[in-house]
Amino acid sequence: FCSTLRHSNMAAATWLGTSLARDTGVPSSLAPPPGLECEHSCAQHADEYIDDLAHQAAILFQQVQETHKAEATRARRAVLTHRLQVLERLGTAHARLLAETRNDDALTFSDVPVAPELFDESRLAVRPTWSLEEKTHMDKVNSLDCMVCVGSSGTNKAILASSSEDGTVVLYEQDWSEISHPTCMGSSDTKSGSNFGGNVVPRGDGSQAPVQFGILCSESGEPFHVARFLSMPGVEGGWVILAAGGMSSVALWTAEAAAKFAGADEYFPMAQAAPANDLATLAPSSFAAAVDCSVQIWDITLPTRPLRTLPHPEAVSVLRLPQPNLLLSLSCPSTSETVRKVSSSSDSNSDIYSGQTSVTVWDLRASRFACRFPAITQTPGGNRDVDSPTLMDAASCTGGPLLAVAAGSSFRAWELRHALRPLLDCERLPSSNDKAVTVTAMHLEPTNGKLVALGCRWGSDDSGVLLGNFNGALQFGDCPTSRVPLALCWTPAHSAKASDARLAVFDEDGWFFGFDVATNSKSS
């Protein structure tokens with residue numbers, strides 16, 4: 001038995017040594033010792049030799065592992081170097097754009113008068129004109145949208161939609177006798193890209209309160225964060241309405257289903273199974289949805305999956321489409337643990353604006369965004385909480401797309417055609433009672449972009465609407481309200497003049513009322 005064992009050990013050791021020398025280049029000093037070839041050598045010599053070979057193999061394996069780690073480190077370094085070069089090129093391009101900007105384009109806070117005489121009789125202001133006698137929502141209103149369409153009698157009318165935390169979308173209509181062409185006043189207008197297009201409403205019944213004609217409900221009572229009209233020429237009514245909120249899908253109602261108080265005609269499941277924070281409609285049959293740290297582009301004829309997904313460094317809260325193929329998105333650092341995980345797991349966490357509130361400009365015909373820049377430069381004044389988030393709006397005007405951002409008591413505006421630097425940068429908005437202003441709602445007048453309406457809380461116990469006029473320097477007029485405005489929407493006027501614009505407002509308790517723009521006076 002011992003002789004057989006010694007011969008087996010000799011054969012195994014000889015084979016292992018030969019294989020190791022051939023495959024891994026083991027030094028010749030590891031050849032079988034002469035004692036092992038002797039028939040009468042001790043089997044212990046073979047065991048020791050096998051242990052020595054196993055030790056040498058372990059050393060070689062460790063060297064291979066270290067070499068692999070070094071190669072992986074070099075590969076990661078190359079990827080990071082490439083990303084750094086890309087960021088440097090972007091920085092150079094942004095610097096070139098800023099260098100080409102005219103130095104006289106920006107109005108700073110020192111250029112904006114904030115003295116009480118700003119609110120004299122020569123300034124435009126808003127005055128209340130109508131209000132509904134009963135509440136239409138039993139909880140907070142999140143959005144208000146408007147468009148113009150053809151009524152059943154063949155005349156044109158303005159229709160509005162409000163979404164609420166109570167899980168409903170309420171539809172209203174105002175009949176007008178002379179609107180030149182039916183067109184969507186939401187972001188889906190394909191001719192001018194503005195919410196109003198080029199259409200105006202005649203004088204006469206401008207102060208008539210809207211009449212409710214439909215109510216849409218979520219399946220299980222989930223809140224609706226946003227509702228948007230989409231112009232659909234060729235379908236009954238000429239429009240559909242999209243709504244999103246607490247559910248992980250976007251619901252679509254046709255005009256026929258909305259008039260019958262029926263359920264949604266279609267649901268579009270969001271790719272990340274998360275609720276949509278905002279919507280922007282893209283005529284003729286598309287819409288964009290802000291979902292976590294991305295924007296999803298959908299076609300309503302393909303309800304199974306998005307056509308395209310646009311990544312962002314932070315959670316996207318606001319979407320606007322001031323012109324066809326020009327999409328603006330506002331992304332803010334989120335307090336949600338789920339959204340933070342999505343952001344940190346995506347490639348966008350290496351973005352230089354990660355952790356910041358930023359605006360991204362997208363040309364939807366291109367493969368990536370056109371530019372990205374900070375929305376706010378410092379912690380704004382006022383009370384920054386869940387009731388006063390960072391707000392963004394955009395309009396298409398004669399000077400180019402106009403963009404505005406409000407946060408707390410600060411306000412910034414950009415004219416995107418000329419520069420990335422702000423056209424106006426106001427650190428603290430003025431008020432006639434000298435109280436701190438906290439912006440709760442904002443909407444740019446979309447016909448020519450010369451007016452901006454701001455729902456505000458003044459101090460801790462007052463509220464009202466500020467009207468900003470971009471005619472030269474920014475000038476303000478105000479109108480007190482008994483409750484804080486939470487949703488604003490400009491509605492059709494009888495002319496394109498800023499002084500003829502009209503405004504619809506929802507306050508924090510769900511009351512619906514309207515304003516006209518007029519010259520400020522002591523009696524208003």
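**Exercises: a four-stranded sheet and a buried arginine**

Leu327 has Trp362, in β16, as its bridge partner. This is a predicted model, where local features need pLDDT of at least 70 and side-chain atom pairs count only at pLDDT 80 or more, while totals for chains, interfaces and linings use all residues. Residues are numbered from 1 along each chain as its sequence is written, and side-chain values use heavy atoms, with hydrogens and water left out.

**Exercise 1.** Work out which strands stand at the edges of the sheet β14-β15-β16-β17.

*Solution.*
- Start with β15 (residues 326-332) and β16 (residues 358-363): six bridges join them, and they run antiparallel. (Strands are DSSP runs of E, at least two residues, numbered from the N terminus; two of them pair if DSSP finds at least two bridges.)
- Next, write out the order: the four strands make an open sheet, β14-β15-β16-β17, with antiparallel pairing.
- Now read off the ends: β14 (315-323) and β17 (371-374) each have a single partner strand, so one side of each lacks a neighbour in the sheet.

**Exercise 2.** Is Arg228 buried or exposed, and what does its side chain reach?

*Solution.*
- Locate Arg228: it sits in strand β6 (residues 224-231).
- Check the accessible area: at 11% relative, Arg228 is buried (under 20%; exposed is over 50%, partly exposed in between; 1.4 Å probe, protein chains only).
- Follow the side chain of Arg228: the backbone oxygen of Leu279 is at 3.2 Å, and the side chain of Asp278 makes a polar contact with it at 3.4 Å (N or O atoms within 3.5 Å, one able to donate a hydrogen and the other to accept it; sequence-adjacent residues count only if both atoms are side-chain atoms).
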